[in-house]
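This report examines a single protein chain. The sequence and the three-dimensional structure are shown first, and the description follows.

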Amino acid sequence: QMPVDFEKEVKRKLTDMKKFLKPEGRNLLITHSNCMDGIGCILVAKMCLKNVDVIETNYTYVDGMFAELDHDYYDAIIFADMSVVTTDLSKHKNVIMIDHHETALPQHDPDNFKFIDTLCCGAYLLKCFFSLYYERDLSFLDDFSGLMNDYDLWYHLDPRSKDIKKL
């Protein structure tokens, strides 16, 4: 089930985000490297966007990598399961952040498209985001994103989630 606050905040800003986030536009996903949740974000984004480049990084390099990007080349830059450490993103009006890590909570700013929700993993939140964006049922991703959530948040209630790393 979609987190209620996440749903309300995203719905409130959808019209603004749709001005720059287009499925066929030049989109960039920046996500966590060497991480099942980051891989989950890549799969969700590839299924929901017709055109998306991907950069996998970690917290040591994310700010330097972001500084070197040609921000104007991309119509939309999406951070998923990842956030910047020291960079001020407020001047970048084409950046969306969807993260679940407690370290990102200070960056939570729905008015500027920064959505932090610690209740679900990044892949699950990204699936919820695209479900709201497209205003359609993306339940075909429920089992996958649910397993990612079970694994990444260490619930391990579904025995299949421990096997997901084998993929």
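## The helix α5

Helix α5 is mostly covered, since eight of its eleven residues are buried. The buried residues of α5 are Phe144, Ser145, Leu147, Met148, Asn149, Asp150, Tyr151 and Asp152. The cover over them includes α2 and α4. After α5 comes tryptophan 154, which has a positive phi, near 65 degrees. The model described here is a predicted one.

## Overall form

The protein contains five helices and five strands. Read from the N terminus, its elements follow the order α-β-α-β-α-β-β-β-α-α. Along the principal axes, the C-alpha atoms fill a box of roughly 45 × 35 × 30 Å. A compact globule of 167 residues would have a radius of gyration near 15 Å, and the protein agrees with this, because its own value is 15 Å.

Of the 167 residues, 54% count as buried. Among contacts between residues at least 6 apart in sequence, 60% join residues at least 24 apart.

## The helix α2

Helix α2 has 13 residues, and at 1.5 Å a residue it should span 18 Å; its end C-alpha atoms are 18 Å apart, so the expected and computed values agree. Its buried residues are Met36, Asp37, Gly38, Gly40, Cys41, Ile42, Val44, Ala45 and Cys48. Several elements help to cover these residues, including β1 (27-32), β2 (52-57), β3, α4 and α5.

## The nonpolar cores

In soluble globular proteins, nonpolar side chains tend to be buried together. The largest nonpolar core of this protein has 41 residues, and those that touch the most other members are Phe6, Met17, Leu21, Ile96, Leu126, Phe129 and Phe130. At least two residues of this core are supplied by each of α1 (4-17), α2 (36-48), β3, β4 (95-99), α4 and α5 (142-152). Helix α4 gives the largest share, nine residues.

A second core, separate from this one, has 16 residues and includes Tyr74, Met82, Val84 and Met97. Which residues does phenylalanine 6 touch, not counting residues up to four places away in sequence? Phenylalanine 6 touches Ile98, Phe115, Asp117, Leu125, Cys128 and Phe129.

## Aromatic pairs and charges over rings

Nine aromatic pairs are found in a search of the whole structure. In one of them, the ring centres of phenylalanine 129 and tyrosine 133 are 6.4 Å apart and the ring planes lie at 25 degrees; planes under 30 degrees apart count as stacked, so this pair is stacked. Both residues belong to helix α4 (residues 122-134), where they are four residues apart, about one turn of the helix. Phenylalanine 129 has 0% relative accessibility and therefore counts as buried. Tyrosine 133, at 7% relative accessibility, also counts as buried.

Tyrosine 133 forms a further aromatic pair with tyrosine 134, which is edge-to-face, with 5.0 Å from centre to centre and 85 degrees between the planes. Phe129, Phe130, Tyr133 and Tyr134 together form one aromatic cluster. Over the face of tyrosine 134 lies arginine 136, at 4.7 Å from the ring centre. Elsewhere in the chain, the charged end of arginine 26 sits over the ring of tyrosine 73, 4.8 Å from the centre of that ring.

## Two residues in loops

Is phenylalanine 113 buried or exposed? Phenylalanine 113 lies in the loop between β4 and β5 (114-116). Its relative accessibility is 9%, and residues under 20% count as buried, so phenylalanine 113 is buried. Setting aside neighbours within four places in sequence, phenylalanine 113 is in contact with Lys13, Asp16, Met17, Phe20, Lys93, Val95, Ile96 and Met97. Phenylalanine 113 and isoleucine 78 are 35 residues apart in sequence, and their C-alpha atoms are 9.7 Å apart in space.

Histidine 71 lies in the loop between α3 (62-68) and β3 (76-80). With 17% relative accessibility, histidine 71 counts as buried. Apart from its neighbours within four places in sequence, histidine 71 is in contact with Phe66, Ile77, His92 and Asn94.

Definitions and conventions: Residues are numbered from 1 along each chain as its sequence is written. This is a predicted model: local features need pLDDT of at least 70, side-chain atom pairs count only at pLDDT 80 or more; totals for chains, interfaces and linings use all residues. Side-chain values use heavy atoms; hydrogens and water are left out. Rings of Phe, Tyr and Trp (its six-membered ring) pair if their centres lie within 6.5 Å; planes under 30 degrees apart count as stacked, over 60 as edge-to-face and the rest as tilted. Buried means under 20% relative accessible area, exposed over 50%, partly exposed in between (1.4 Å probe, protein chains only). A charge sits over a ring if NZ of Lys or CZ of Arg is within 6 Å of the ring centre and within 35 degrees of the ring normal. Contact means heavy atoms within 4.5 Å. A nonpolar core is a set of buried Ala, Val, Leu, Ile, Met, Phe, Trp, Tyr and Cys residues joined through side-chain atoms within 4.5 Å. The expected span of a helix is 1.5 Å times one less than its number of residues. The radius of gyration is taken over C-alpha atoms; the globule rule is 2.2 Å times the number of residues to the power 0.38.
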